[in-house]
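This briefing concerns a predicted model. The points below are grouped by topic for reading alongside the sequence and coordinates.

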Amino acid sequence: MDSHSNATMPCGLLLQGFAESPHLRPVLFLLLRAVHLATLSGNLLILVAVASVPRRPPMPLFLCQRSAIELCYMLAVVPCSLAQLASPGRGRDSPISFLGCAVQMQMFVALGGAQCFLLAAMACDRYVAICHPLRYAAVVTPGLCTRLALACCLGELAVSVGFTVAVFNLPFCGSRLLVHFFGDITALLHLACTQSYAEELRPLGAGLVLLLRPSVLILASHGAIAAALSRLRSPHGRRKAASTCASHLAVTFLHHGCPTFTYVRPKASYSPRQDRTLALVYTNVTPLLYPLIYSLRNRKITATIRRVLSPRAGSV
């Protein structure tokens, strides 16, 4: 009998990473390190720019909060994958304890979910700004933005703990090898010895709450905005509002697209290597695009960044 056939697997897990492709590891390491540094620089630049403004309007404040969450989201996953790629023991799997895997997955779910609900809050902000402009300053205050961001983080922290408990309460047996570079949900569910679809309902239900509920709120907000824009007479105002909404929808699609395809589906359709490739995209590539598509296209953010950098540029 296989020594790993017990349902408890007391020795922990093994992360395969990209151990089966040693010739790709140096290229992947250099590429992911460059992407990671560029993403860190973009988000840190936004944080510094917004922090340097004495009075912060609501939208830059939302963008600052999103950048802070994005930094934590990346730091929960990317350094671990870079360490695996840089390790000299090529072809070897990296051990990870159950506790370490659970903490990593819980942080990944909490921060990713917080971004989903923060994007929903930003959609509501755009709805009030476009559909009720005269009430915007009274309704959307910096205090409200801070409370919404705090509620997003604390709420998703509670949901992620329940989600992690539900996943790790599933029976595990067979191989201890995760065909992944971090403790991702699909990789763990692939190892679970679930006998029926009903055992997967709790993790899938939590995934639906994390991804689909904010998506509905975002679509409803933008639907109301589209109706308001159709009644707007000024072509310039219509184009300006549509450009802002298009940027937000692009970020929403990127943040929700791959995870929805990856997580909101039954275990029978899992493909470990395909899921690993998708995770490589949405944990490294899409975070790089967020500052470019959304934050750095915001005129207030761009003007603030220029003011921050101009003294340095003048001294060079």
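Residues 68-86 are 89% helix and 0% strand, and the C-alpha atoms at the two ends of this span are 27 Å apart. The span is one of those that UniProt lists, in an unreviewed entry, under "transmembrane region". The model that carries these segments is predicted.

**Annotated transmembrane regions**
- The unreviewed UniProt entry gives residues 27-48, 68-86, 107-128 and 148-170 for this feature.
- Residues 27-48 are 100% helix and 0% strand, with 32 Å between their end C-alpha atoms.

**Serine 160**
- Helix 6, which covers residues 142-168, contains serine 160.
- Serine 160 is classed as buried because its relative accessibility is 0%, where the cut-off for buried is under 20%.
- When neighbours within four places in sequence are set aside, the contacts of serine 160 are Gln106, Val109 and Ala110.

**Internal cavities**
- Empty space of this kind is revealed by rolling a probe the size of a water molecule over the atoms.
- Three cavities of 30 Å³ or more are found when the whole structure is searched.
- The second largest cavity holds about 50 Å³ of space.
- Ten residues line the second largest cavity, and those nearest its centre are Gln16, Gly17, Phe18, Arg25 and Gln84.
- The lining of the second largest cavity comprises five polar, three nonpolar and two charged residues.

Key
Residues are numbered from 1 along each chain as its sequence is written. This is a predicted model: local features need pLDDT of at least 70, side-chain atom pairs count only at pLDDT 80 or more; totals for chains, interfaces and linings use all residues. Side-chain values use heavy atoms; hydrogens and water are left out. Helices (H or I, at least four residues) and strands (E, at least two) are DSSP runs, numbered from the N terminus. Buried means under 20% relative accessible area, exposed over 50%, partly exposed in between (1.4 Å probe, protein chains only). Contact means heavy atoms within 4.5 Å. On a 1 Å grid over the protein atoms alone, a cavity is a set of points where a 1.4 Å probe fits but cannot get out, and a pocket is an open set with protein on both sides within 12 Å along at least five of seven lines; lining residues have an atom within 4 Å of a point. Grid points are joined across faces, edges and corners, and a volume is the space filled by probe spheres set on the points. Ala, Val, Leu, Ile, Met, Phe, Trp, Tyr, Cys and Pro count as nonpolar, Asp, Glu, Lys and Arg as charged, and the others, Gly among them, as polar. UniProt positions are given in the numbering used here, feature names are shortened, and annotations may be inferred rather than shown by experiment.
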